[in-house]
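Visitor: Could you show me how to read burial, contacts and nonpolar clusters in a model such as this one?

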Amino acid sequence: GANMDWGTYKTLRVEQDGAVLLVTVDRPAALNALAGQVVEDLWELTGVLAGLDEGWPVRGVVLTGAGEKSFVAGADIVEMSAMDPDTAEVYGRRMQQVTLRLEALPVPVIAAVNGFALGGGCELAMACDFIYASANASFGQPEVALGLVPGFGGSVRLQRRVGIGMARELIYTGRRITAAEAHRIGLVNAVFADVPSLLEGARATVAEIAGKAPTAVANAKRALNAIADLGVEDGLDEEVRSFREAFGTEDSVVGRKAFVEKRAPVFPGR
Ligand code: CO8
């Protein structure tokens, strides 16, 4: 796609490579912990990315952490050590809003977990559409070890990803699990041997998505997120609404016509 101005950030690296936007949380000295500045940078960046459906300059975001040791080791415990409950509430709310913005982006976001995804790091990964991990990655919600509880959406999203029983066990024990275990319980979609192959795998999936109709992928993302909160009947209503909407797009006209004419579609992205 066209090269865009993604903004400049103190704690994030943002690099476009064709259809892929690679976003790297870049505070390796603190294992990429979510200091207030990182939360503000993520807030600003997700605001910029909300407009990706205009011209589709990229078709997916890959979110990772700097280095080969940590994705994000949680909230910044040094900053939090002096925090009072009112400040903590504002901080927690702000990061929750970042997670909602990630879920509302018109393109998929893949968490490429390259090491520790603990506390707020695991919560950030779960706000992404799905999670890939390198073999050295580990996951956990260790808040109880600090006298805290999950605050960036973990109480909501972990039980949806892995079921209530496993979520309770992970949150009550604060236990750290390996990438293999996270894969086994369905938290992680795929495990890669090392960090370079993890990033390559995430890129390849975005490339695969980029061959499909952008409006349909965005529609599917919106519908799946909306339907996660609904029962069967309301979910089916939402599905038929989004199905109907898909039929009204130029992408679907082009896609259906190309199939009938036995040629590859070139989607206009409208
Ligand atoms: N915050 C700040 N600094 C950190 C953090 C963190 N979360 N994690 C690691 N660091 C720093 C270390 O202090 C150390 O700094 P320095 O070199 O200056 O001493 C550096 O990163 C390297 O870390 P270690 O030396 O500890 O590396 P190890 O390989 O020995 O250990 C671990 C790695 C196991 C990841 C260890 O660093 C650790 O346990 N980190 C904390 C993990 C954690 O508990 N995370 C959850 C935080 S709580 C949270 O996320 C709650 C979110 C909701 C909040 C709600 C709103 C307020």
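Guide: We will take the nonpolar cores, then one glycine, then a patch on the surface, bearing in mind that this is a predicted model.

Visitor: Where should I begin with the cores, and how many residues has the largest nonpolar core?

Guide: In soluble globular proteins, nonpolar side chains tend to be buried together. Here the largest nonpolar core has 55 residues, and those with the most contacts inside it include Leu 34, Phe 71, Phe 139 and Leu 187. Helix α1, spanning residues 36–49, gives the most to this core, with 5 residues. Apart from it lies another core, of 12 residues, among them Ile 110, Phe 130, Ala 190 and Ala 202.

Visitor: Which residues does Leu 187 touch, not counting those up to four places away in sequence?

Guide: With that exclusion, the residues touched by Leu 187 are Cys 122, Met 126, Ile 131, Phe 139, Leu 158, Arg 161, Val 162 and Ala 182.

Visitor: Does the same reading apply to a glycine, and is Gly 140 buried or exposed?

Guide: Buried means under 20% relative accessible area, so Gly 140, at 5%, counts as buried. Gly 140 lies in strand β8, residues 138–140, and, leaving aside neighbours within four places in sequence, is in contact with Ala 117, Leu 118, Gly 119, Cys 122 and Arg 175.

Visitor: And at the surface, which residues form a nonpolar patch?

Guide: Ile 77, Leu 146 and Leu 148 form one, with about 260 Å² of accessible area together. Of these, Leu 146 sits in the loop between β8 and α5, and counts as partly exposed because its relative accessibility is 48%.

Technical notes: Residues numbered from 1 in each chain as written. Predicted model: local features only at pLDDT ≥ 70, side-chain atom pairs only at ≥ 80, totals over all residues. Heavy atoms only, no water. Helix = DSSP H or I, 4+ residues; strand = E, 2+ residues; numbered from the N terminus. Buried < 20%, exposed > 50% of the residue type's maximum accessible area, 1.4 Å probe, protein only. Contact = heavy atoms within 4.5 Å. Patch = residues over 30% accessible without salt bridge, like charges linked within 9 Å, V, L, I, M, F, W, Y side chains within 5 Å. Areas by Shrake-Rupley, 256 points an atom, 1.4 Å probe, with all protein chains shown as cover. Salt bridge = Lys/Arg side-chain N within 4 Å of Asp/Glu carboxyl O. Core = buried A, V, L, I, M, F, W, Y, C linked by side-chain atoms within 4.5 Å.
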